[in-house]
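I wanted to go through this model at the desk and write down what I looked up, one topic at a time. My notes follow the structure.

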Amino acid sequence: MRRLTEVAPGVLVATSAYAMTTSTVIVGSAGGCLLIDPAVTVADLAALADELAARGLRPAAGWSTHPHWDHVLWSAGLGNAPRYAAPAAVTAAETDRNGILDEVTKSAPGHDLDLVGRLQARDGSAISWDGPEARLIVHDGHAPGHGAVFLPDSGVLIAGDMCSDLEIPLLDTTAADPLGDYRTGLERLGSVPGVRQVIPGHGHVGDAGELRRRLGLDTAYLDAVSAGRPYDDPRLTADSPKWMREMHEDLVRYFQG
Ligand SMILES: [Zn+2]
């Protein structure tokens, strides 16, 4: 894990070598911080806990953007702050608990499984905590109850697994309307006023122009694939990870279905 990097005043990002997964730290009052999607390996979380301690910070609350294994992790070293997610995400994490634990065991072994996915449902328009306002943008694109977080004071959007410069749109094809859900998610993220920086769950932090570019790429990709047209997405190349090319092929087949 690279060291925590300050992307805006009081907003720090750590990026794991595993799938360029980001963890975001928002500095609050009296040494407390809001920790979003701590990830991924046991060593990553240990390094994150050490760095927070070295900076005099301790998690006052956690937020999981969505109920996928690499976004619902935690470690004893991070303390016992309450961890929140949108209601639909909590339900999905509980329903699919065994699948999530299997993936953790397979992909990032050694975590205390008892701490995985221990989330409390939080409804409403913002995370209530002792720190900068953290507005929620909840939708069902990519996963049920996908809760992005927007910090109006700094203009930072923590997008979860949307708006990546490395990953194509990954739809939740088990949902009733995967395409509609994803488009709704893109619309909601695209209509947040005042975004100056976007932090994707996997990939690089981008500015407002880069957010527009990614939203445009995602829309073009979905338009083409859903219409059965070929589309040359710059994020999808022969060098892309095998799982991503397979997700793309699955989606092509889904729309041919
Ligand atoms: Zn995900």
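**Zinc site**

I began with the metal: the zinc ion takes its protein donors from His66 (NE2), His68 (ND1), His142 (NE2) and Asp161 (OD), at 2.1 to 2.2 Å. I should say at once that this is a predicted model, so I am reading computed coordinates here.

Next I looked up the geometry. The angles that the four donor atoms subtend around the zinc ion run from 89 to 174 degrees, so the arrangement is irregular. To be called tetrahedral, four donors would need all angles between 85 and 135 degrees, and the range here goes up to 174 degrees.

Along the sequence I wrote the donor spacing as H-x1-H-x73-H-x18-D. Two of these donors, His68 and His142, link distant parts of the chain, being 74 residues apart. I found His68 in the loop between β5 (58-63) and β6 (83-85), and His142 in the loop between β8 and β9 (146-151).

Are these two histidines buried or exposed? His68 comes out as partly exposed, with a relative accessible area of 28%. His142 counts as buried because its relative accessibility is 7%, and the cut-off for buried is under 20%.

**Nonpolar cores**

Then I went inside. The largest nonpolar core has 29 residues, and Val25, Leu48, Leu52 and Leu78 have the most contacts inside it. Two or more residues each come from β2 (11-15), β4 (32-36), α1 (42-54), α2 (87-95) and α3 (97-107). Helix α1 gives the largest share, four residues.

I picked Leu52 for a closer look. Setting aside neighbours within four places in sequence, I listed Leu4, Val25, Cys33, Leu57, Pro59 and Leu78 as its contacts. A second, separate core holds 25 residues, Met162, Cys163, Tyr221 and Leu222 among them. As background, nonpolar side chains in soluble globular proteins tend to be buried together.

**Leu34**

I checked Leu34, which sits in strand β4. Its relative accessibility is 0%, so Leu34 counts as buried. Not counting residues up to four places away in sequence, Leu34 touches Thr24, Val25, Ile26, Ala61, Gly62, Trp63, Ile127, Trp129 and Ala134. For a long-range distance I took Leu34 and Asp239: they are 205 residues apart in sequence, and their C-alpha atoms are 35 Å apart in space.

**Helix α5 against helix α6**

How do α5 (residues 208-226) and α6 (residues 242-256) pack? Their axes are 9 Å apart, and the angle is about 50 degrees. That makes α5 oblique to α6. From α5 I noted Tyr221, Val225 and Ser226 in the contact, and from α6 His248, Leu251, Val252 and Phe255.

**Backbone oddities**

I also went looking for unusual backbone. As a yardstick, most residues other than glycine have a negative phi, and most peptide bonds are trans.

The peptide bond from Ala39 to Val40 is cis, with omega near 0 degrees. I placed Val40 in the loop between β4 and α1.

Ala19 has a positive phi, near 55 degrees. I found Ala19 in the loop between β2 and β3 (22-27), and at 35% relative accessibility this residue is partly exposed.

Ala30 also has a positive phi, near 50 degrees. Ala30 lies in the loop between β3 and β4, and its relative accessible area of 72% makes it exposed, because the cut-off for exposed is over 50%.

**Two serines**

Last, I looked up Ser107 and Ser128. Ser107 is in helix α3 and counts as partly exposed at 24% relative accessibility. Leaving out residues up to four places away in sequence, Ser107 touches Tyr18 and Trp69. Ser107 and Trp69 are 38 residues apart along the chain, with 9.4 Å between their C-alpha atoms.

Ser128 is in the loop between β7 (120-121) and β8 (135-139). With a relative accessible area of 62%, Ser128 is exposed. From Ser128 to Asn98 I noted 30 residues in sequence and 30 Å in space, C-alpha to C-alpha.

Terms used: Residues are numbered from 1 along each chain as its sequence is written. This is a predicted model: local features need pLDDT of at least 70, side-chain atom pairs count only at pLDDT 80 or more; totals for chains, interfaces and linings use all residues. Side-chain values use heavy atoms; hydrogens and water are left out. Buried means under 20% relative accessible area, exposed over 50%, partly exposed in between (1.4 Å probe, protein chains only). A nonpolar core is a set of buried Ala, Val, Leu, Ile, Met, Phe, Trp, Tyr and Cys residues joined through side-chain atoms within 4.5 Å. Contact means heavy atoms within 4.5 Å. Donors are N, O and S atoms within 2.8 Å of the metal (3.2 Å for Na, K and Ca); water is not among the atoms, so sites may look incomplete. Four donors count as tetrahedral if all angles lie between 85 and 135 degrees; four count as square planar and six as octahedral if opposite donors are over 155 degrees apart and all others between 65 and 115; anything else is irregular. Axes are lines fitted to C-alpha atoms, for helices over the stretch in contact, and angles run from 0 to 180 degrees between N-to-C directions. Angles under 35 degrees count as roughly parallel, over 145 as roughly antiparallel, 65 to 115 as roughly perpendicular and the rest as oblique.
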